[in-house]
Amino acid sequence: MIHCRVDPSTCADVTVTDQPTDAATDDKKPAAATANMKRIIDKDGNIKMVHCEDPDGPSAEKGFRKGMQSLRSMKMHWTLQEFVDMDSQFEFKIKRQEESWVGKEGVSLDTPSANDFQSYLRRFNFQRQRFGYLYGKFVDEEEEGGGEKEKKSLFGSEKEEKVKKNSKVVVEAIYEPPQEADPKAAEGFVMLEDPFEDQVENLASLLGLKRVGWIFGHPPREEGFQLSAAEVIMAAELQLEAADGVEQTPFVTVKVTVGDDGNVSFEAFQVSRQCMEMVAEQALEVGPNPGFCYVNETFTAIQEGKASKTVENNFFLTVVPIVQHVSDVFVTQFPKANRDHDDRTQSHDEMKRQLSKSGSSGWTFIDLLSDFSLLLYLCQFLDVNTDIPKICDSVVNRDVPLDDGYKIIIASLAGMDGAY
């Protein structure tokens, strides 16, 4: 008997199909069971058919990178430059981004909205993680000494236009979408389907607002541990959505927690462009240590000249200054949607409680109606295409009086009698 060695890569691939042989069943043949097979010669010199992987699918041994096809499966002939160019697409040299894309004035939170959010977290001693979307405006900052300047040259005087810097972020309202607290989830919560998502975005637009960031609360953490890997990835995903790709955006991430002394703190961040790129390519994953982002095996992260399987979360973060203000337009008094174990829930009685303040302590009916949560609640009872836009016009422009007919309708919904 002659023994020979065979290079498996030169073996023929054959597809074997098991089909019934009974001609009487031709009209009702079962689905063919197929398997990829190859012909090999075993150590005794016998020819055998064995199962093999899909020749066109990813192979751990032959793939260009783990989870990918082999180079030959992609293309028959490669130049060195083509190989280097392709390989570089899966390699990230980790570098820190020193500054955020938010202007020096940072993000300003509406104080009543921020207090309402942290007060709800206090009910659970900050042991339940929760998030919400920030609605407000991006306001362009002007460079110091801005304005039109006159520049003299040999050819006469020329006017220089104002140079705009990055935007500052002004937050006027917080919306908490449906969610469930889940300590086992990487984020600490599970997002649920929101049947009012379109209404929220439409209402914000009518009020001249847009989604400018997100906020989340978490239990106390060790010093230096800012965002978990899941929070970094979620922040990157939201920035990508806001920027419509890997582009500069002032979209912010705000976190709130309680310290050992019982004081609540708010901090704001952005993730870097490189973090956005890696998340867009699905190169970052959540792993056992929440303080690090794990690198998908298809990709390579280079830190200090060496390949690394993890990246510390803080490498991806840029700090954003944070201040507070009280909105000149909106109030935050109506109960929030999608909350459980809260003292108050959205209802017509709560509408009555809020709107009945009209005429006292300097409140007007339109002042009290200018509540994002209350207006969203009204969207369930009024026409969002005709009624809500007119009401919103009066909210954002106090020179446009609210029609008496709408006052009557809203007061009737709230069960109010008498003057308002």
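Of the 420 residues in this protein, 41% count as buried. Keep in mind that the model is predicted. The fold is built from 11 helices and 21 strands. Its contacts reach a long way along the chain: among those between residues at least 6 apart in sequence, 66% join residues at least 24 apart.

**A strand covered on both faces**

Let's start with the strand β17, residues 300-303. In a regular strand, the side chains alternate between the two faces of the sheet. On β17, Thr300 and Ile302 take one side and Ala301 and Gln303 take the other, and all of them are buried.

What does β17 pair with? One neighbour is β4, which runs parallel to β17 and is joined to it by 3 bridges. Here Glu91 stands opposite Thr300 of β17. Another neighbour is β18, residues 306-308, which pairs with β17 in the antiparallel sense, again over 3 bridges. In that pairing, Gln303 has Lys306 of β18 as its bridge partner. The two strands make a hairpin with 2 residues between them, and Glu304 in the turn has a positive phi of about 55°.

**Two buried residues to look at**

Further along the chain, Val311 sits in strand β19, which spans residues 310-312. Is Val311 buried or exposed? With a relative accessibility of 0%, Val311 counts as buried, since the cut-off for that is under 20%. Leaving out residues up to four places away in sequence, Val311 touches Ile94, Phe292, Cys293, Val295, Ala301, Gln303 and Phe316. Two of these, Ala301 and Gln303, are on one side of β17, the strand we just met. As for Cys293, this residue is 18 positions from Val311 in sequence, yet their C-alpha atoms are 5.2 Å apart in space.

Ser100 is found in a loop, the one between β4 (91-93) and β5 (102-110). Being in a loop doesn't put Ser100 on the outside here: its relative accessible area is 9%, so Ser100 is buried. A polar atom of the Ser100 side chain lies 3.2 Å from the backbone nitrogen of Val102. Beyond residues up to four places away in sequence, Ser100 touches Asn166, Gln270, Thr318, Val319 and Val320.

**Helices with a buried side**

Now for a couple of helices. In α7, residues 348-355, the buried residues are Glu350, Met351, Gln354 and Leu355. Looking down the axis of α7, you'd find these buried residues within an arc of 125°, so they line one face of the helix. What do the buried residues of α7 pack against? Their partners are α8 (365-369), α9 (372-378) and α11 (404-414).

Helix α4, residues 197-206, has Val200, Leu203 and Ala204 as its buried residues. These cover an arc of only 100° around the axis, which means they share the same side of α4. Turn to the face pointing away from that buried side and you'll see the exposed residues Asp198 and Ser205. After α4 comes Gly208, with a positive phi near 75°.

**Rings, and charges over rings**

The aromatic residues are worth a look too. A pair of aromatic rings is described by the distance of the centres and the angle of the planes. The count of aromatic pairs here comes to 9. One of them joins Phe131 and Phe189: their ring centres are 4.8 Å apart and their planes are at 20°, so this pair is stacked. The pair links distant parts of the chain, with Phe131 in strand β6 (residues 130-142) and Phe189 in strand β11 (residues 189-191), 58 residues apart. Phe131 is buried, at a relative accessible area of 0%, and so is Phe189, at 5%. Which residues belong to the cluster linked by ring pairs? They are Phe131, Tyr133, Phe189, Trp214 and Phe216.

There are also places where an arginine lies over a ring, set out below.

| Arginine | Ring beneath | Distance to ring centre |
|---|---|---|
| Arg221 | Phe225 | 4.8 Å |
| Arg339 | Tyr120 | 4.5 Å |

In the case of Arg221, what sits over the Phe225 ring is the charged end. Arg339, for its part, lies over the face of Tyr120.

How values were computed. Residues numbered from 1 in each chain as written. Predicted model: local features only at pLDDT ≥ 70, side-chain atom pairs only at ≥ 80, totals over all residues. Heavy atoms only, no water. Helix = DSSP H or I, 4+ residues; strand = E, 2+ residues; numbered from the N terminus. Buried < 20%, exposed > 50% of the residue type's maximum accessible area, 1.4 Å probe, protein only. Contact = heavy atoms within 4.5 Å. Polar contact = N/O pair within 3.5 Å; in protein donor to acceptor, adjacent residues only side chain to side chain. Arc of directions from axis to C-beta. Pairing = 2+ DSSP bridges. Phe/Tyr/Trp six-rings, centres within 6.5 Å; stacked < 30°, edge-to-face > 60°. Lys NZ or Arg CZ within 6 Å of the ring centre and 35° of its normal.
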